[in-house]
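Here is a friendly walk through one protein model, from a single loop residue out to the whole fold. Keep the viewer open as you read.

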Amino acid sequence: MKISSVCVYCGSSSGSDGKYVRAAQALGRCLASGGMRLVYGGGGIGLMGAVADAVMDSGGAVTGVIPEFLEDKELGHPGVQEMHVVATMHERKLKMIELSDAFVAMPGGFGTMEELFEVLAWSQLELHAKPVGLLNVDGFYDGLLRCLDHMVGEKLLRQKDRDRLVAERAAEPLLGAMAQWSPPSEPKWEDPEFWDERV
C-alpha cells in the first residue's frame, strides 16, 4: 500500500520521560525521509509539537487541523505550512481522516485514545480501508494490547478485527508493517463465525 500522508494522534503533553519526545522526533524524521506528509491536530506543544517540528526540520510537509477554540488560545503551531481551522472537534477528526492514508497513535491521554478507537471502529465498519498503527514506545501500550487480546478471548472482538491494529515499538518497522497491511476480506456482519457465536 502506498502511503503518502500519515495522521498522527499523540499527546499535547510531553510525558514524564524524554523517551516520548525522542520517539515523536524519530517518527517525524521517518515520515519526512519517506516523503510522507504529516497530518495532525495542529498543536505546537507536547508530543504534537515535537513530531511536527521534526518533520519540518527534516524538510517534510505538515498539515495541521485545529478547532477554533484551541486556535484562539494560541495553541496552534505557528510554523505549520498548511493549517485548517475548523469549528468543532468532530470536524477536526473527520478532516484528519479525510486527509490521511494511514493513522499512527503515539502515547497520549483521553484524546489520543478516543481518536484511535474511533478510527479503528470506522475500519471495522468498512468506512475506510486504511492502516492503523500503534507506536508502542517502551511498552507504553502493552496493557492496552493485552486488553484487546482479552476481548478476543471473551469473543467480544474478532481476531481479524483485533489485527486491524498494527503495533511496533519503533517508527520505521511500524511504518513498514503498515505499508504491508490489508483489511480483512470478510466484514463482520457477513462472517458466519461471528453470527454462530451469538447467544
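Let's begin with Glu 126, which counts as partly exposed because its relative accessibility is 40%; on this scale buried means under 20% relative accessible area, exposed over 50%, and partly exposed in between, with a 1.4 Å probe and protein chains only. The model is a predicted one, where local features need pLDDT of at least 70, side-chain atom pairs count only at pLDDT 80 or more, and totals for chains, interfaces and linings use all residues. Residues are numbered from 1 along each chain as its sequence is written, and side-chain values use heavy atoms, with hydrogens and water left out.

**Two loop residues with positive phi**

Most residues other than glycine have a negative phi. Glu 126 and Asp 138 each have a positive value, and the table puts them side by side. Helices (H or I, at least four residues) and strands (E, at least two) are DSSP runs, numbered from the N terminus.

| Residue | Phi | Place |
|---|---|---|
| Glu 126 | near 60 degrees | loop between helix H5 (110–124) and strand S6 (132–135) |
| Asp 138 | near 50 degrees | loop between S6 and helix H6 (142–153) |

Glu 126 also has a partner in space from another part of the chain: its C-alpha atom is separated by 9.7 Å from that of Pro 184, although the two residues are 58 apart along the chain.

**Strand S1 and its neighbours**

How many residues of strand S1 (residues 5–9) are buried? The count is 5 of 5, so to speak a mostly covered strand. In a regular strand the side chains alternate between the two faces of the sheet. Here Ser 5, Cys 7 and Tyr 9 point one way, while Val 6 and Val 8 point the other way.

S1 pairs with two strands, where pairing asks for at least two DSSP bridges between them. Strand S2 (residues 37–40) runs parallel to S1 and is joined to it by 3 bridges, with Val 6 standing opposite Leu 38. Strand S5 (residues 102–105) is also parallel to S1, joined by 4 bridges, and there Cys 7 has Phe 103 as its bridge partner.

S1, helix H1 (residues 18–33) and S2 together form a right-handed β-α-β unit. Right-handed here means that, with the strands pointing away from the viewer, the path from the first strand over the helix to the second runs clockwise.

**Cysteines**

The structure holds 0 disulfides, a disulfide being a pair of cysteine sulfur atoms within 2.5 Å. Why is Cys 10 without a bond? The closest cysteine sulfur, in Cys 7, is 9.3 Å from its own, which is too far. Cys 30 is in no disulfide either, as the nearest cysteine sulfur, that of Cys 10, is 15 Å away. Cys 10 counts as buried, at 8% relative accessibility.

**The whole protein**

The protein has 9 helices and 7 strands. Its radius of gyration is 17 Å, close to the 16 Å that the globule rule gives for 199 residues, so the protein is as compact as a globular protein of that length; the radius is taken over C-alpha atoms, and the rule is 2.2 Å times the number of residues to the power 0.38. Buried residues make up 47% of the 199.
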